[in-house]
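Please open the model in your viewer and keep the selection tool at hand. The tour below proceeds from one selection to the next and describes what is found at each stop.

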Amino acid sequence: MKISAILKTHDKTDLAILLLRVTTGGTFMAHGVQKLFGWFGGSGLEATGQWMDSIGLSPGYLMALLAGSGEFFGGLALLLGMLTRPAALGTALIMLVAMVVVHWTNGFFITNSGYEYSLILMVISICILLHGVGKYSLDHTLQAMFPNKPEK
């Protein structure tokens, strides 16, 4: 095998963005249901709201509801590729808040409850926001079904 075949960049961005969207969307959905319903070892809405109040995000219950809903529905939208750019913006902002308010003082590494994980999810969300959805998505399917027609 030639070295050029190994080093060559292939145009597989639609597949790559699908992989990023599905993985990231599923991750956000899982974190959302932890906050909202206490699934997968999460605290649920009431306890998450109390914790958010304790760190200065008040009213805690509302903040927990917004964060959990944003993660779940934003993640679902990323996973499906539906309203992808607004969803990516929303998840990026949620991670920015988590990074600055919750994790920043603990340093970088996740092993010390640092901002490493929030940063990675925020950057992935920003990459999806900048790149767009790709052809394997509901956004692409709907755009093909309802193309823009020039006004007369």
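Helices here are DSSP runs of H or I with at least four residues, numbered from the N terminus. The model is a predicted one.

**First stop: helix H3**

Select helix H3, residues 44-54. Just after H3, Gly 56 has a positive phi of about 95 degrees. Within the helix, Gly 44, Leu 45, Thr 48, Gly 49 and Met 52 are buried. These buried residues lie on the same side of H3, because they cover an arc of only 150 degrees around the axis. An α-helix has 3.6 residues a turn, so residues three or four places apart point the same way. On the other side of H3, one finds Gln 50 and Ser 54, which are exposed. The buried residues of H3 pack against H2 and H4.

**Second stop: the loop after H3**

Which residues does a cis peptide bond join? Select Ser 58 and Pro 59: the bond between them is cis, with omega about -5 degrees. Pro 59 belongs to the loop between H3 and H4.

**Third stop: helix H2**

Next, select helix H2, residues 13-37. At 1.5 Å a residue, its 25 residues should span 36 Å, and the end C-alpha atoms are 35 Å apart, which agrees. The buried residues of H2 include Ile 17, Phe 28, Met 29, Val 33 and Leu 36, and also Arg 21 and Lys 35. Against which helices do they pack? The buried residues of H2 pack against H3, H4, H5 and H6. Gly 38 follows H2, and its phi is positive, near 75 degrees.

**Fourth stop: the nonpolar cores**

Select Phe 28, Leu 78, Met 95, Met 122 and Ile 128; of the 16 residues in the largest nonpolar core, these touch the most other members. Helices H2, H4 (60-80), H5 (84-103) and H6 (116-131) each supply at least two residues of this core. The largest share, seven residues, comes from H5. For a view of one member, centre on Met 122, which touches Ala 92, Met 95, Leu 96 and Met 99, leaving aside residues up to four places away in sequence. A second, separate core has eight residues, among them Val 33, Leu 36, Met 52 and Ala 64.

**Fifth stop: two positive phi values**

Select Leu 83, in the loop between H4 and H5. Its phi is near 50 degrees, a positive value in a residue other than glycine. Is Leu 83 buried or exposed? Leu 83 has a relative accessible area of 56%, and because exposed means over 50%, it counts as exposed.

Then select Ser 113, in the loop between H5 and H6. Ser 113 is also a residue other than glycine with a positive phi, here near 60 degrees. At 36% relative accessibility, Ser 113 is partly exposed.

**Last stop: the aromatic rings**

Remain in the loop between H5 and H6 and select Trp 104 and Tyr 115. The two form a stacked aromatic pair, 4.4 Å centre to centre with 20 degrees between the planes. Both residues lie in this loop, so the pair ties together parts that are 11 residues apart in sequence. Trp 104 is partly exposed, with a relative accessible area of 48%, whereas Tyr 115 is buried at 17%. Finally, add Phe 108 and Phe 109 to the selection: with Trp 104 and Tyr 115 they form one aromatic cluster.

Methods: Residues are numbered from 1 along each chain as its sequence is written. This is a predicted model: local features need pLDDT of at least 70, side-chain atom pairs count only at pLDDT 80 or more; totals for chains, interfaces and linings use all residues. Side-chain values use heavy atoms; hydrogens and water are left out. A nonpolar core is a set of buried Ala, Val, Leu, Ile, Met, Phe, Trp, Tyr and Cys residues joined through side-chain atoms within 4.5 Å. Buried means under 20% relative accessible area, exposed over 50%, partly exposed in between (1.4 Å probe, protein chains only). Contact means heavy atoms within 4.5 Å. The arc is that of the directions from the helix axis to the C-beta atoms. The expected span of a helix is 1.5 Å times one less than its number of residues. Rings of Phe, Tyr and Trp (its six-membered ring) pair if their centres lie within 6.5 Å; planes under 30 degrees apart count as stacked, over 60 as edge-to-face and the rest as tilted.
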